[in-house]
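Here are some notes for a colleague, set out as numbered points to be read alongside the structure.

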Amino acid sequence: MTVIYNRVALIGLGLIASSMYWAIKRHGIAHDVTGFARTVETRETARTIGLCDHVYETPQEAARDADLVVLCVPVGAMGAVAKDISGVLKAGATLSDVGSVKQHVIQSVAEHVPRNVDFIPAHPLAGTEHSGPNAGFAELFENRWCMIVPFADSNACAVTRLRSFWEAMGSKTTTIDAEHHDLVLSVTSHVPHLIAYTMVGVADDLRRITDREVIDYSAAGFRDFTRIAASDPTMWRDIFLTNKDATLEVLGRFTEELFALQRAIRTGNGEHLHDYMTRTRTIRRGIIEAGQDTDAPDFGRGVVKR
Ligand code: NAP
């Protein structure tokens with residue numbers, strides 16, 4: 001139990017903020033955690049389940065006196081929320097965020113940060129397809145990377161403290177620059193989500209085969225697509241619109257590869273297909289060796305009971 005910040009404010013109380021709250025409490029990382037959610041419904045839920053020591057109706061009340069303020073709203077809402085709280089941020093406080101896109105968050109938030117506040121963006125690479133205040137759990141960040149995105153002139157002590165905060169919640173931390181972050185995440189997360197949304201959309205369009213059959217006979221591949229495609233629409237709309245350049249760049253490369261595979265199938269080029277899939281298999285092995293997933297069959301799900 002090491003207290004890293006006296007008071008932490010969580011602005012937005014969904015999956016990520018609620019997981020942070022439970023992790024902060026489990027590990028004793030802050031004395032006091034305040035929270036803000038914009039809707040009455042989310043505030044009521046938070047109060048009912050004991051999410052946050054104090055739940056406020058305005059972001060200003062939640063952020064006032066906090067040593068660390070973390071913006072946990074969709075990427076497209078970060079700038080407006082930062083503007084709302086800029087007048088109440090305490091001198092010497094750290095302002096951070098958990099947004100999945102970094103260049104856009106920096107562009108929209110930085111202009112509202114007072115000179116005596118350290119703005120240090122961050123992104124925990126942890127999540128599920130569930131959202132809202134009930135979705136969080138204390139273990140979400142365990143053994144997951146949290147990318148910290150400091151600037152060249154960031155206060156080194158504040159950066160170290162923020163890293164300690166994420167490490168205390170179980171994360172591994174690293175630093176990365178915003179542009180590179182957005183490119184890496186477009187490959188590892190953003191475009192894969194877009195492809196999953198597309199595949200499920202295609203199945204939905206082909207109603208002749210999807211009526212019950214896609215549900216009743218769904219095989220592992222399609223099931224995994226549907227899980228990803230169940231992710232929060234607001235969050236993902238914002239990610240695609242704000243990480244536009246990297247998403248389009250990677251999508252362009254994806255389309256080229258897809259055409260090459262399409263051609264190999266049409267021309268019966270089994271060697272190309274076999275070589276391609278041998279190469280991709282090693283990526284999966286690398287992910288398992290890095291401890292980022294289980295090698296149990298079907299992701300360790302076991303038998304699905306009906
Ligand atoms: P979430 O469960 O959908 O929660 C979002 C929260 O933001 C809710 O409290 C919601 O309030 C609030 N909100 C939405 N629009 C708002 C607006 N315009 N102004 C003020 N508050 C607003 O989302 P999440 O999964 O925790 O994601 C939060 C952030 O973490 C996003 O930036 C996302 O990119 C990032 N992130 C997500 C994941 C993931 O897998 N989910 C992983 C890493 C990072 P109400 O409930 O009152 O509507």
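**Notes on the ligand site and a surface patch**

1. In this predicted model, the shell around the ligand holds 26 residues, and those that come nearest to the ligand are T39, T42, V73, S100 and G132.

2. Two of these nearest residues also make polar contacts through their side chains: an N or O atom in the side chain of T39 is 2.6 Å from an oxygen atom of the ligand, and a polar side-chain atom of S100 likewise lies 2.6 Å from an oxygen atom of the ligand. The backbone takes part as well, since a polar backbone atom of L13 is found 2.8 Å from an oxygen atom of the ligand. On its own the ligand has 910 Å² of accessible area, of which the protein covers 86%.

3. As to the make-up of the shell around the ligand, its residues divide into 13 nonpolar, 11 polar and 2 charged. Among the elements of secondary structure, α1 (15-27) and β7 (122-124) each supply at least two residues of this shell.

4. A separate topic is the surface, where M199, V202, L206 and I209 make a nonpolar patch of about 310 Å². Within this patch, L206 has its place in the loop between α7 (178-205) and α8 (207-216).

5. Is L206 buried or exposed? Neither word applies, because its relative accessibility is 37% and L206 therefore counts as partly exposed, a class that lies between the limits of under 20% for buried and over 50% for exposed.

Methods: Residues numbered from 1 in each chain as written. Predicted model: local features only at pLDDT ≥ 70, side-chain atom pairs only at ≥ 80, totals over all residues. Heavy atoms only, no water. Near = heavy atom within 4 Å. Polar contact = N/O pair within 3.5 Å; in protein donor to acceptor, adjacent residues only side chain to side chain. Areas by Shrake-Rupley, 256 points an atom, 1.4 Å probe, with all protein chains shown as cover. Helix = DSSP H or I, 4+ residues; strand = E, 2+ residues; numbered from the N terminus. Nonpolar A, V, L, I, M, F, W, Y, C, P; charged D, E, K, R; others polar. Patch = residues over 30% accessible without salt bridge, like charges linked within 9 Å, V, L, I, M, F, W, Y side chains within 5 Å. Salt bridge = Lys/Arg side-chain N within 4 Å of Asp/Glu carboxyl O. Buried < 20%, exposed > 50% of the residue type's maximum accessible area, 1.4 Å probe, protein only.
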